[in-house]
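Hi there,

Here is the structure I promised to pass on. Have a look at it first, and my notes follow underneath.

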Amino acid sequence: MLKRVISLLLASVISFSCIACAEQAKKAADTVAEPETTLDADTTYPRPNIEKTDFGGETFMILYPNWGLYVDYFFADEQTGDQMNDAIYKRTTNVEEYLGIDIDQYMLGSILDIFPTMQQVVMSGGDDYQLVLTHCIQDLGNMMVSGLLLNWNTIPHISWNPVYWNDKMNETLSIYDKLYYAASSYMIADPNAFLFNKQMVDEYRLSDPYQLVRDGKWTIDTLYEMARTVSADLDGDGKFTVNDLYGLAAESDWMLISFMYGCDQYMVKRDETGKVALDIYNDKMLTITQKLYDLFHGGNHTYLWLYGASAESKILMDTGRCLFSVIPLNSSKIYRQSDVDFGILPFPKYDEHQKEYISNDWSGLMCIPAVAQNTELIGMTCELLAYESLMTTMPAYYDVLLTGKLARDDESVEMLNIIFSNIVYDMGMNYFGFDTGFMALFYMIPFMIGRDKSTDLASYYSKNEKAANTMINRLFERMEDAQ
């Protein structure tokens, strides 16, 4: 059973949205060679239509920040016997040998260093880097409007095959038919998820969370009803503190923003001209605000801590003192030795009428410096890295999730399938999420509801609306001027 479900998971995840993009996949298939490699017995993926060549050992240099999945899941200088490391190494050497190049990388200290480094590179005119890996938010809009990037749509040899290029992201982040950031199988998606304590579900005679997901009944209201049944002053001091038992425990910061996307609500929306407007103040968001306030503060069933809190101030799933907790999936390794029997769930839906469970991607993106000269090399390398990732690193990464004690049963594998099959993007998040005013709105759930315990979205929105709209209008005006 597990092997069959893993096969389904991989087939679903690595194709991003092939079912929804069947017509695009058919068109893309016309541009590639006959199938040569199989990931499993049921799924066949054609190689890119790129002839083997020799660039004479030319260096393909990748610049990236010390952040997120880049640290553990992107680069390997030698084989070590570790499954993920060796898959990365194989990906790199396969592309190097096929093109006669040397793929190298240079890490900067933090996400704050990418923008100034890119400014220096472009000002100097140096062809120092062929590919840059970014944060999911930091300075993405600034780099784009500052003329620091090449348009991916001008890069040769990029097939946009939706089997290993992310067409959902392309559609969301394109402006005036220009695309300055891209994602492929090379960029591992990084969603947030829920964990639940199986023993507590049994002890409190609660509904099976897995079946709730299958039945389309895993909603914010369901989460609230289940969480509020679990609450106990374990140390008997008459106060609810970090030492007690809760229905939900979470950090009141960026991870809570995923509630919004789970409800199919976004920061911005496009009009018929392709321009973008704020879409965070509406009846649906008002309802979400009240529901989350009740979940967080409507009793003693939720424990929240602020970003930067000490380990002693947190209640994680492995403490056994919470029914539900919120995690980024990339942190799964911290639970490998946990004795708590837990399961994995997607973020809850807005209501039962919502068709799908939705997860937003917190992973970084790829861009190309405006002064990069050899676009032939860049296009071929990026196309092959996407394909080789499909065949090597992505299966290894999901196997790490599946066998590294994050997914402990077939049902959790099924839930991972759901999570990774419905990844979404939001221009508001990626291009404006850290900008003045806009950031306040983007962080409304952890800040206004979680931290400040307020439901006054009208006042909060009114206070920040002008600054947020200014950011949006400025970006589109500068992009229009660059036409």
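Below is what I found on helix 15, some salt bridges and a charged surface patch.

Please keep in mind that this is a predicted model.

Let me start with helix 15, which covers residues 410-421. Its 12 residues reach 17 Å from the first C-alpha to the last, close to the 16 Å expected at 1.5 Å a residue. Nine of the 12 residues are buried, so helix 15 is largely enclosed by the rest of the structure. Among the buried ones are Val413, Met415, Leu416, Ile418, Ile419 and Phe420.

Glutamate 414 of the same helix is partly exposed, at 26% relative accessible area. Its partner in a salt bridge is arginine 214, with the closest N and O atoms 3.0 Å apart. This pair links distant parts of the chain, since arginine 214 sits in helix 9 (residues 209-214), 200 residues apart from glutamate 414. Arginine 214 is partly exposed too, at 36%.

The count of salt bridges comes to six. Another of them joins aspartate 341 to lysine 198, at 3.7 Å between the closest N and O atoms. Here aspartate 341 lies in the loop between strand 12 and strand 13, and lysine 198 in helix 8, 143 residues apart. Lysine 198 is buried, with a relative accessible area of 17%, whereas aspartate 341 is partly exposed at 38%.

Finally, Asp77, Glu78, Asp102 and Asp104 form a negative surface patch. Aspartate 102 belongs to strand 4 (residues 101-108) and is partly exposed, with a relative accessible area of 34%.

Best wishes

Notes:
Residues numbered from 1 in each chain as written. Predicted model: local features only at pLDDT ≥ 70, side-chain atom pairs only at ≥ 80, totals over all residues. Heavy atoms only, no water. Helix = DSSP H or I, 4+ residues; strand = E, 2+ residues; numbered from the N terminus. Expected span 1.5 Å × (residues − 1). Buried < 20%, exposed > 50% of the residue type's maximum accessible area, 1.4 Å probe, protein only. Patch = residues over 30% accessible without salt bridge, like charges linked within 9 Å, V, L, I, M, F, W, Y side chains within 5 Å. Areas by Shrake-Rupley, 256 points an atom, 1.4 Å probe, with all protein chains shown as cover. Salt bridge = Lys/Arg side-chain N within 4 Å of Asp/Glu carboxyl O. Lys, Arg positive; Asp, Glu negative; His and termini not counted. Charge placed at Lys NZ, Arg CZ, Asp CG, Glu CD.
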